[in-house]
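Me: I should like to go through the reasoning behind some labels attached to this structure. Please set each value against its criterion.

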Number of protein chains: 2
Amino acid sequence: MLNSPSTTLIRGKFLDIQQTVSNPEDITQQMRYVDDGLMWCENGKIHWFGTWQDAQAILPKGISVRHYPEQLIVPGFIDTHIHYPQTEMVGAYGEQLLSWLNTYTFPTELQFQDKGYADKIAQFFLHELLKNGTTTALVFCTVHLESVDALFEHAAQLNMRVIAGKVLMDRHAPEGLCDTAETGYQQSKALIEKWHGKGRALYAITPRFAPTSTPEQLAKAGQLKQEYPDVYVHTHLSENKDEIAWVKSLFPEQTGYLDVYHHFGLTGERSVFAHCVHLEDEEWNCMHDTQSAIAFCPTSNLFLGSGLFPLAKTWEKQVKVGLGTDIGAGTSFSQLQTINEAYKVQQLQGNKLSAPEAFYHATLGGARALHLDDKLGNFSLGKEADFVVLDLHPTALQQLRQSHAKSIEDRLFALFTMGDDRNIAATYVYGQCVYQTEG
Amino acid sequence: MLNSPSTTLIRGKFLDIQQTVSNPEDITQQMRYVDDGLMWCENGKIHWFGTWQDAQAILPKGISVRHYPEQLIVPGFIDTHIHYPQTEMVGAYGEQLLSWLNTYTFPTELQFQDKGYADKIAQFFLHELLKNGTTTALVFCTVHLESVDALFEHAAQLNMRVIAGKVLMDRHAPEGLCDTAETGYQQSKALIEKWHGKGRALYAITPRFAPTSTPEQLAKAGQLKQEYPDVYVHTHLSENKDEIAWVKSLFPEQTGYLDVYHHFGLTGERSVFAHCVHLEDEEWNCMHDTQSAIAFCPTSNLFLGSGLFPLAKTWEKQVKVGLGTDIGAGTSFSQLQTINEAYKVQQLQGNKLSAPEAFYHATLGGARALHLDDKLGNFSLGKEADFVVLDLHPTALQQLRQSHAKSIEDRLFALFTMGDDRNIAATYVYGQCVYQTEG
């Protein structure tokens, strides 16, 4: 019997987290490991999930099942902050945030007025995500409409759930990268109408950061958010101390950096703020009260020398958080390498980031940060079937280490410490295999 | 014409640093890039090095030359601090130094009383070094004689210049890992007689660290150093604040942690101290005055949350320094990944680690830290022919990034930020190819 093209059945070892939690100690209890399981996907969604044994009662005869006997299957990773136009500039030397933007980023982004160039990089970028097991991302484009169209068009071909938006920037940037309060508003509105909710695409209103938008532009962004309350807001916050001082000098009427966004109506349950390395106490409270989320980007925070993000505080203050690679200030597309450095950033602060907690942030917790935990993040019935087939020992060193692992937590931790794109055996999006290694 | 087995000729693009420097600004001037060069090795040493054009005058007709037209050939990387018995325990979760030793390290090291096990891991370990382009390392074994024999035997088969020694440890460790002041002395002496200077092997007197040796044992170690002044001393220093407090309580007569080693005659031009994250000013002065060297181990210092090593101070105080992976507290055998994190550790302190400086530390500077810059670290005539053939774009992402690189410094920096073992196309030791990728 041939399966219908909309049907995918996968047998293997599965690991996910069943429920969101408000306390990291509760994560282990929510971890579900099925040593020999079956996932049945229909039309991109999870139709049935359980043990292989239980599946025998419901499996039609002769239906074809793809078996991964050795690998570990987990929900697709979620990247809560990344810039696709910066794909080509990972590893730009020697600067902290503000000079790094002027020296490297702005010249790179100027190329994206050319739709052909944007197409090429968008395609490359999405392939890199999939190669690294990332199935959903919240993405910065550039100020150019073309850059947004390119990304959504290619994501649509893959059926990927991508959230993205056109950068709003009307000052302190090169002319070719600036819009105006009015054109930024009009273009964003047109893109929302064109893309938001089309297939799996979702739109994010995307002011770069407070210093590159006039109060007028931020006001128009807030107006847009009022007109389309279910679109996202995606921006940067409190990454670098010079940046914070600059914001305070530009917006003397606001009580702090976050208050600029809050004042213009840009906080909320679909608002994601990248970095938040140096938040003040009242800003933590505002994040909590508005149900805004943080993207924690360890490789970027280290690469630009921004500082150490206090992850424990997200639990203490009950603020949603996900992991971000922040390419191109981040140094890897891999969520495994991102977790490696997240662990180190926490160790420097005397905070232990456990493997289950890291796994939570990369999957269900990340989905929650993106207000998508009703659709993504684990293998609950009805959720969208985005998942990754992990090879736990693609290298001799990982094989040696895994041979000594005593628990699923230990296996995960070794994976997070040593893993990279070689650990991704296959990536499935909306029930279809969209990437697999050659072997 | 067939080459003699002791003759190797390599054509390609070469990069090295010609002289040691006392100021990081001078490194770029010392960088030598030969776009089309020839290296002629005889009996393990560099017999001739220059441009391919100049080589025409001296090349015998019909001699066979291995050509690497696309790659970059650099001196073999030098790892100034690594524990081979910890190869299997990279990524051991959740502890800082002292509890990490008790929970993970000591149980792992107990296995090395078995020569067969030590053989297996030594072989694996040396292969991992070569796979990562590391041709010389300063290596901790365990307390067991067998562990030292295993490492030197396998290194001899590869003709590798390895410096290693038996751990001295007579307190605060499990019984099976302890010697005594007297047996530690006698066994070390026997190993020095057996191995030091045999082929390329060099011996290091290796007290684990001050807390696990009694004053009697440190005195015997000092006696050994006096009897064999040209052997090395290899130990740990000032890695973690609890460790430092412990040393101060154990050795109240000494003025500080380094003074313990200094008091027992263990500082000097062949002494290498791993970590030195929290040195006090008078300790910096003592390091300088005794010409002792530091092994900077960024992935380890982050993984154990030890702290941020102040690299700029090594220039200011004129203290020799090399890079160490510190496997198994470090998280990668790769000097490229080590440099990636070294850069980040410096960024957090507002210090820019340039690509040329990083390259210096990984090659000639590392050789100098090991008092081997007369034998290793660049392509000077008469030096030992240890070198690495680098592939600058083994992945699509690196290829994209390198296509935008504007200078050799930029190419190196991109390599250091994104590189891993996949960038090592081949490794040559003493003129012979001992590792190459399959492709």
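Reply: The model is a predicted one. The contact takes 50 residues from chain A and 49 residues from chain B. Between them, chain A and chain B bury about 3900 Å², with 59% of that area on carbon and sulfur atoms. On the chain A side, A:Tyr93, A:Lys344 and A:Leu397 lose the most area to chain B, together 16% of what that side buries.

Me: Why is the pair B:Arg422 and A:Asp420 called a salt bridge?

Reply: The closest N and O atoms of B:Arg422 and A:Asp420 are 3.6 Å apart. The cut-off is 4 Å between a side-chain nitrogen of Lys or Arg and a carboxyl oxygen of Asp or Glu, so the pair qualifies. Across the interface of chain A and chain B, the rule finds eight salt bridges. Helix 13 (335-347) is among the helices of chain A that each supply at least two residues of the side touching chain B; the largest share of that side, six residues, comes from helix 13.

Me: How do you know that B:Cys41 is in no disulfide?

Reply: The nearest cysteine sulfur, that of B:Cys433, is 12 Å away from that of B:Cys41. A disulfide requires sulfur atoms within 2.5 Å, so B:Cys41 does not meet the criterion. The search of the whole structure finds zero disulfides over all chains.

Me: What makes B:Cys41 count as buried, and why is B:Cys433 called partly exposed?

Reply: B:Cys41 has 1% relative accessibility; buried means under 20%, so the label applies. B:Cys433 has a relative accessible area of 33%, which lies between the limits of 20% and 50%, and therefore B:Cys433 is partly exposed.

Key: Residues are numbered from 1 along each chain as its sequence is written. Chains are lettered from A and ligands numbered from 1 in the order in which they are written. This is a predicted model: local features need pLDDT of at least 70, side-chain atom pairs count only at pLDDT 80 or more; totals for chains, interfaces and linings use all residues. Side-chain values use heavy atoms; hydrogens and water are left out. Contact means heavy atoms within 4.5 Å. Buried area is the accessible area (1.4 Å probe) that two parts lose on being put together, summed over both. Helices (H or I, at least four residues) and strands (E, at least two) are DSSP runs, numbered from the N terminus. Buried means under 20% relative accessible area, exposed over 50%, partly exposed in between (1.4 Å probe, protein chains only).
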